[in-house]
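Q: Please take a close look at the surroundings of the ligand in this structure. Then go on to the open and closed spaces in the protein and what lines them.

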Amino acid sequence: MSIDFDIRLSDHRVSADERERLLEKPGFGQVFTDHMITIRWDTEHGWHDARLEPYAPLSLDPATAVFHYAQELFEGLKAYRRADGSIAAFRPQANAARFNASCERMAMPPIPEETFVRSLELLVDTDRDWVPAQEGHSLYLRPFIIATQRGLGVNSPSSSYLFIVIASPSAAYFTGGIKPVSVWLSEEYTRAAPGGTGAAKCGGNYAAAFVAQAQAVQEGCDQVVWLDANEHRWVEEMGGMNLFFVYGSGADARVVTPSLTGTLLPGITRDSLLKLAPDLGIPAAEGRISTDQWREGNASGELTEVFACGTAAVITPVGRVKSARDEWLVGSGEPGPVTMRLREELVGIQYGDRPDPYGWIYKLA
Ligand SMILES: *Cc1c(COP(=O)(O)O)cnc(C)c1O
């Protein structure tokens, strides 16, 4: 049975002129729509009090659990204005499933998939004028859940939670077109260790990552690459994106992405590319890639391209790699043909310019 939403429309919506002005140059995650979804959970009632309500600040007691022990997690997906005029999301059920897998790891209550998806539909349908029409722009959807119990005890998880969905019209994540990024191999810091929360999309993973990202910038790089916690050798992820390695070229090209060892975030873009690439004649596999193999592969020419993938930036080429000891280019340092082909195909499916034989597209409005 689906939960009923109490609809409380805003009586101070942003004017059409102001909205158009904001949509011209929205940036990423800076502008928010007129409404939000809130649903409460507590041990007594389960999920209840579902609302569509005006976007507004929250009022929380300073002793609320989330502020102290970071029991919080989130999702990220996009609503696209498509060629046929409809608005659609890409695999929202996969986000619901991952949200619930993250909930399990963080001792939080799972939310029924249909309630999760209904929340997105209701918010996007209500705020559909905020879905950008500009090429490459989209409405970024951010479902999240926070622990709301008041008190500082640490012996058990919170007994109450608040699920929220907000929406942000956004431009491309990385500005300046498809520019390759440079990466810093972080041997000092780790994102995730075996048995930890690396596979859960929790804010705590990001809180612990900023210092490494700042170090990458200090080293003149755009992004940090995470290595395994034990040996600092095996490549895991780049910032908040998964990585793919392209071997060979032309008809002999194939791609490899690091296996999901429990310390990697199972990206939906990653999963989609593992299905899409073979259908385009590019064999795809999961495996293990060490920093030495990366270095040697680029030196010998066997490794031709590297790219990162995730919802926000879709596919981003990696052009240059730097470690504490050395520095090298990936191929010519320019975006490679396999990277660009996969990007074009995936974006084509998302915006409706290509057919979707996979059933990935879900109409929201
Ligand atoms: C969200 C995220 C990804 C990418 O996942 P997508 O579902 O493809 O957006 C990769 N790594 C980390 C750490 C993430 O948080």
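A: The ligand has 14 residues around it, and the closest are Lys201, Tyr206, Glu237, Thr269 and Thr311; a residue is counted here if one of its heavy atoms lies within 4 Å of the molecule. This is a predicted model, in which local features need pLDDT of at least 70 and side-chain atom pairs count only at pLDDT 80 or more, while totals for chains, interfaces and linings use all residues. Residues are numbered from 1 along each chain as its sequence is written, and side-chain values use heavy atoms, with hydrogens and water left out.

Polar contacts with the ligand are pairs of N or O atoms within 3.5 Å. In one of them, a polar side-chain atom of Tyr206 is 2.6 Å from an oxygen atom of the ligand. Thr311 also has a polar side-chain atom 2.6 Å from a ligand oxygen atom. For Glu237, an N or O atom in the side chain lies 2.5 Å from a nitrogen atom of the ligand. On its own the ligand has 380 Å² of accessible area, and the protein covers 96% of this (areas by the Shrake-Rupley method with a 1.4 Å probe).

The spaces come next. They are found on a 1 Å grid over the protein atoms alone: a cavity is a set of points where a 1.4 Å probe fits but cannot get out, a pocket is an open set with protein on both sides within 12 Å along at least five of seven lines, and lining residues have an atom within 4 Å of a point. Grid points are joined across faces, edges and corners, and a volume is the space filled by probe spheres set on the points.

The largest pocket has a volume of about 930 Å³. It is lined by 41 residues, of which Phe74, Arg142, Tyr173, Tyr206 and Gly240 are the closest to its centre. Tyr206 is thus named both here and among the closest residues to the ligand. The lining consists of 22 nonpolar, 13 polar and 6 charged residues, where Ala, Val, Leu, Ile, Met, Phe, Trp, Tyr, Cys and Pro count as nonpolar, Asp, Glu, Lys and Arg as charged, and the others, Gly among them, as polar. Domain 1 (5-170) and domain 2 (181-351) each give at least three residues to this lining; the bounds come from an automatic or database domain assignment.

The second largest pocket holds about 600 Å³ of space. Among its 34 lining residues, Glu135, Gly136, Ala172, Arg343 and Tyr351 are the closest to the centre. Helix 9 (337-351), strand 5 (77-81) and strand 16 (314-322) supply at least two lining residues each, and helix 9 has the largest share, with 6. Helices (H or I, at least four residues) and strands (E, at least two) are DSSP runs, numbered from the N terminus.

The structure has 1 cavity of 30 Å³ or more, with about 90 Å³ of space. Its lining includes Gly76, Phe90, Gln350, Thr269 and Thr311; Thr269 and Thr311 are also among the closest residues to the ligand. Strand 5 gives the most to this lining, with 3 residues.

Conventions. Polar contact = N/O pair within 3.5 Å; in protein donor to acceptor, adjacent residues only side chain to side chain.
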